[in-house]
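Student: I've got a model open and would like to go through some of the labels people put on it. Can we take them one by one?

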Amino acid sequence: MNAPLRRVAVAVFVLFALLFVNLNYVQVVKGDDYRTSDLNERVRISSYERPRGLIMVEDQAIAESVETDGRYKYQRKYPQGELYSHVTGYQSMIYGNSDLEAAENEDLSGESDKLFVRRITDMITGKKSKGANVILTLDKEVQAATADALEGEKGSAIALDPKTGEILSLVSNPAYDPNPFAAHTDQPQKDAWKKLNGDSVNKPLLNRALRQTYPPGSTFKVVMASALTEEGYTADTQVDAPNQYTAPQTTKYIENFHGEQCGNGVQVTLEFALQESCNTVFAKLGVEKLKAEKIKAKAKEFGFGDADLQVPLDVVASQTGDMPDDPAVAQSSIGQRDVRMTPLQGAMIAAAVANNGKLMTPYLVKKVEAADYTTLSTTRQRELSAPLNDSNAAEVQKMMRAVVENGTGQRAQIDGADVGGKTGTAEDGDERQDHAWFIGYAIVDGQPVAAVAVVLENAGTSSSSSAAIAGTIMKSIIEQRANR
């Protein structure tokens with residue numbers, strides 16, 4: 001064989017080899033991806049052949065499938081769309097699934113291994129298969145109270161059961177109606193997407209409770225107070241309370257809100273410092289007593305930096321930042337600089353304090369049931385960490401109680417309940433108004449019944465007015481649990 005023929009033969013051989021490799025890659029390596037891709041029309045049609053499982057809050061379906069006469073046999077419906085929009089998310093032929101519709105897709109669609117035997121049985125008997133039902137931890141009355149209290153405000157609120165970690169309510173404002181995304185034609189979905197995704201100011205598709213971090217402002221002082229109890233401080237410990245504090249390595253001083261004096265301007269108790277939210281006290285203690293390592297370690301115990309937390313919705317990790325020098329430590333000690341946390345993280349801090357120092361892992365799905373109501377799986381309550389021991393938790397409770405009884409959080413008082421809280425006003429740049437925070441809890445008959453975090457985006461620079469609004473919202477939420 002001459003050289004030209006050999007070259008042609010080699011080229012043909014290489015092409016056949018590449019074709020063989022590609023065929024195996026497509027069929028073996030990428031086969032499952034192509035078979036299950038949303039772009040596969042057969043997959044799209046088959047996914048609507050069986051009714052998708054319900055998403056339930058107590059006895060109410062907040063997501064269900066209704067039968068149609070069209071090409072796609074079932075259509076998703078959200079009876080209380082906006083109230084639960086950032087819980088259910090949406091199911092869309094074009095844009096895929098979001099929130100619980102995505103996180104619990106295998107169970108809801110009926111493709112989960114939990115339903116394998118039932119699928120085989122249904123195939124043999126000719127019975128139509130159904131997706132599994134997902135039962136949530138939400139309390140419908142608390143959810144409604146949360147939404148009502150937050151109406152007209154831009155921000156979010158979330159409530160937890162401190163003893164179990166169950167999420168009792170989750171509201172993010174502005175909300176949206178997920179029903180247009182469930183349409184079987186493209187235009188309603190595209191119109192909804194354009195309107196909602198194009199709103200860069202309000203960002204209604206953003207789940208602020210879980211996926212937006214904010215500077216926590218003075219609510220971070222609860223973490224600081226917790227760290228100080230490990231250094232032997234109690235609510236009654238006398239601490240320095242200068243009108244201004246200048247950290248080493250800088251000439252810029254930190255002062256209290258609006259330059260106000262903390263107590264007598266010389267010394268106050270740690271309880272009074274938290275009650276009146278004295279910046280200078282916590283900045284000075286952060287630099288001179290705790291330092292960056294202990295602050296970051298305590299924040300981590302409360303959940304900061306946990307990038308793996310899912311409820312099962314994805315949660316953005318809260319962060320303390322690096323704190324490379326004393327000025328950074330001083331600013332971080334009052335919840336500014338690079339400190340960022342989600343509303344969920346704020347509720348976790350309050351929950352741990354209320355639960356005598358034990359932080360339970362937050363979760364949203366109580367159990368998964370087959371269509372015949374047989375339980376397929378149940379979420380186990382799990383302790384995430386223990387940021388405080390019993391005695392230190394009691395000291396921090398005493399300080400947070402003083403905030404509500406005598407300090408900046410008096411709007412959160414509830415008859416018949418032991419309420420502790422912490423207000424916060426956090427700077428959001430030079431040109432935007434401050435965020436308003438409130439985190440707190442209620443204990444009734446010695447048992448913690450709820451922990452709540454409320455954040456109002458760019459609510460204003462008036463500490464008293466923004467804290468009052470946030471505190472009133474927290475009170476409305478907690479009352480639904482405390483007065484039962």
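Tutor: Sure, we'll go through a helix pair and then a sheet, keeping in mind that this is a predicted model.

Student: What makes H11 oblique to H16?

Tutor: The axes of H11 (residues 221–229) and H16 (residues 390–406) cross at roughly 140°. Roughly antiparallel would need an angle over 145, and roughly perpendicular runs from 65 to 115, so the pair counts as oblique. The axes come within 9 Å of each other, and the crossing is right-handed.

Student: How do you know which residues make the contact between H11 and H16?

Tutor: Contact takes heavy atoms within 4.5 Å. On H11 that picks out Val222, Ala225, Ser226 and Thr229, and on H16 it's Asn392, Glu395, Val396, Met399 and Met400. By type, they split into five nonpolar, three polar and one charged.

Student: On to the sheet. Why are S3 and S15 called edge strands?

Tutor: Look at the order: S3-S2-S1-S6-S14-S15, an open sheet of six strands with mixed pairing. S3 (74–77) and S15 (375–378) each have a single partner strand, so one side of each has no neighbour in the sheet. From one strand to the next, the twist averages 25°.

Student: What makes S2 and S3 a pair?

Tutor: Pairing needs at least two bridges. S2 (residues 60–67) and S3 have four bridges, in the antiparallel sense, so they qualify as a pair. One example to find on screen: valine 66 has glutamine 75 in S3 as its bridge partner.

Technical notes:
Residues numbered from 1 in each chain as written. Predicted model: local features only at pLDDT ≥ 70, side-chain atom pairs only at ≥ 80, totals over all residues. Heavy atoms only, no water. Axes fitted to C-alpha atoms, helices over the stretch in contact; angles between N-to-C directions. Helix = DSSP H or I, 4+ residues; strand = E, 2+ residues; numbered from the N terminus. Parallel < 35°, antiparallel > 145°, perpendicular 65-115°, else oblique. Left-handed = near helix turned anticlockwise from the far one by under 90°. Nonpolar A, V, L, I, M, F, W, Y, C, P; charged D, E, K, R; others polar.
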